[in-house]
Amino acid sequence: MKKVTSAALLAIQLTWKAVFVFSLTVVGLQIFDAFWELTPGGVPLQATFGYENLLRSAVQPAGRLWTAMLLFSLIGTAGHTKGSKSVYTTNRLGLSEEQMTLVFGGVFTGYFLLYWALQIAVAYGFFVWYSRFTLVSSNSFMLACWRSEWLHTLLPLNEWWGYLRNIAICASFGFSAAIGSQKARRGKTHLLSVVPPVLCLFLLTGRIGDFWLDMVLTVVLIGFTIGCFFTLKGGWEDEDL
């Protein structure tokens with residue numbers, strides 16, 4: 001247990017600064033774009049702009065899937081180049097490559113779950129701020145979740161399969177990034193680890209009631225990530241530390 005905890009702390013140590021700066025940058029861009037849209041040239045806020053228009057033109061662009069893909073690339077490579085100090089530290093822990101990947105994958109999955117929650121918080125925070133200047137009811141945010149595909153993807157409301165899909169996305173991104181980082185530790189690349197983000201790019205629609213497509217995406221992401229992990233198991237055993 002102590003080794004696992006040490007491995008988790010190492011994963012956090014290698015990546016938390018990059019994740020924090022990245023998340024802060026994304027939120028900063030969303031705030032800047034929102035104020036730019038609402039107060040162009042110092043013009044006062046106009047109630048006719050609309051909360052959903054605000055999401056579509058300012059908040060949504062910086063919070064779309066491509067930023068999660070950038071985060072995926074960032075945490076999959078941070079501190080894991082061949083010959084780096086982290087390689088030596090990782091080898092001293094005495095855990096197998098499979099165990100290291102599972103631990104790192106758990107930490108990275110946590111990052112994506114937090115990023116998902118952060119985007120929901122940003123969307124709701126802008127709603128609370130916007131409602132101070134306009135006459136909108138408390139139900140307007142829920143209505144926006146149904147009308148905005150981006151917001152509905154983040155918060156599917158009563159569509160339980162949407163939450164399952166999002167958890168599968170976070171897990172597949174996290175463990176695929178962990179597989180990529182462990183390969184980078186050996187100076188290698190693993191192109192299959194980028195498959196989950198590419199699948200989401202083409203199959204994640206955000207359309208309401210898209211049950212079967214969401215379930216197919218969920219099953220494929222989970223199945224591919226598990227299959228990729230076990231496929232690599234034999235390859236790790238044949239490589240030298």
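The expected span of a helix is 1.5 Å times one less than its number of residues. Applied to helix α3 of this predicted model, the rule gives 18 Å for its 13 residues, and because the end C-alpha atoms of α3 are 19 Å apart, the expected and the computed span agree.

**Helix α3 and its partner α9**

Helix α3 covers residues 65-77 and helix α9 covers residues 195-203; their axes come within 11 Å and cross at roughly 180°. That angle is why α3 is described as roughly antiparallel to α9. On the α3 side the contact is made by Leu65, Met69 and Phe72, while α9 contributes Pro197, Cys200 and Leu201. When the residues of this contact are sorted by character, 6 are nonpolar, whereas none is polar and none is charged.

Which residues of α3 are buried? They are Thr67, Ala68, Leu71, Phe72, Ile75 and Gly76, and Phe72 also takes part in the contact with α9.

**Cysteines**

How many disulfides does a search of the whole structure find? The search returns 0. For Cys170, the closest cysteine sulfur belongs to Cys200 and lies 9.4 Å away, which is too far for a bond, because a disulfide requires the two sulfur atoms to be within 2.5 Å. Cys200 is also one of the residues through which α9 contacts α3. Cys170 counts as buried because its relative accessibility is 7%, and Cys145 is likewise buried, with a relative accessible area of 0%.

**Two serines in their settings**

Ser23 lies in helix α1, which spans residues 2-38, and it counts as buried at 14% relative accessibility, because the limit for that class is under 20%. If neighbours within four places in sequence are left aside, Ser23 is in contact with Tyr115 and Leu118.

Is Ser138 buried or exposed? With a relative accessible area of 63%, Ser138 is exposed, because that value is over 50%. Ser138 is placed in the loop between α5, residues 97-131, and α6, residues 140-147. The C-alpha atom of Ser138 is separated by 9.2 Å from that of Val128, a residue 10 positions away along the chain.

The accessibility values for these serines and cysteines are collected below.

| Residue | Relative accessible area | Class |
|---|---|---|
| Ser23 | 14% | buried |
| Ser138 | 63% | exposed |
| Cys145 | 0% | buried |
| Cys170 | 7% | buried |

Definitions and conventions:
Residues are numbered from 1 along each chain as its sequence is written. This is a predicted model: local features need pLDDT of at least 70, side-chain atom pairs count only at pLDDT 80 or more; totals for chains, interfaces and linings use all residues. Side-chain values use heavy atoms; hydrogens and water are left out. Axes are lines fitted to C-alpha atoms, for helices over the stretch in contact, and angles run from 0 to 180 degrees between N-to-C directions. Helices (H or I, at least four residues) and strands (E, at least two) are DSSP runs, numbered from the N terminus. Angles under 35 degrees count as roughly parallel, over 145 as roughly antiparallel, 65 to 115 as roughly perpendicular and the rest as oblique. Contact means heavy atoms within 4.5 Å. Ala, Val, Leu, Ile, Met, Phe, Trp, Tyr, Cys and Pro count as nonpolar, Asp, Glu, Lys and Arg as charged, and the others, Gly among them, as polar. Buried means under 20% relative accessible area, exposed over 50%, partly exposed in between (1.4 Å probe, protein chains only).
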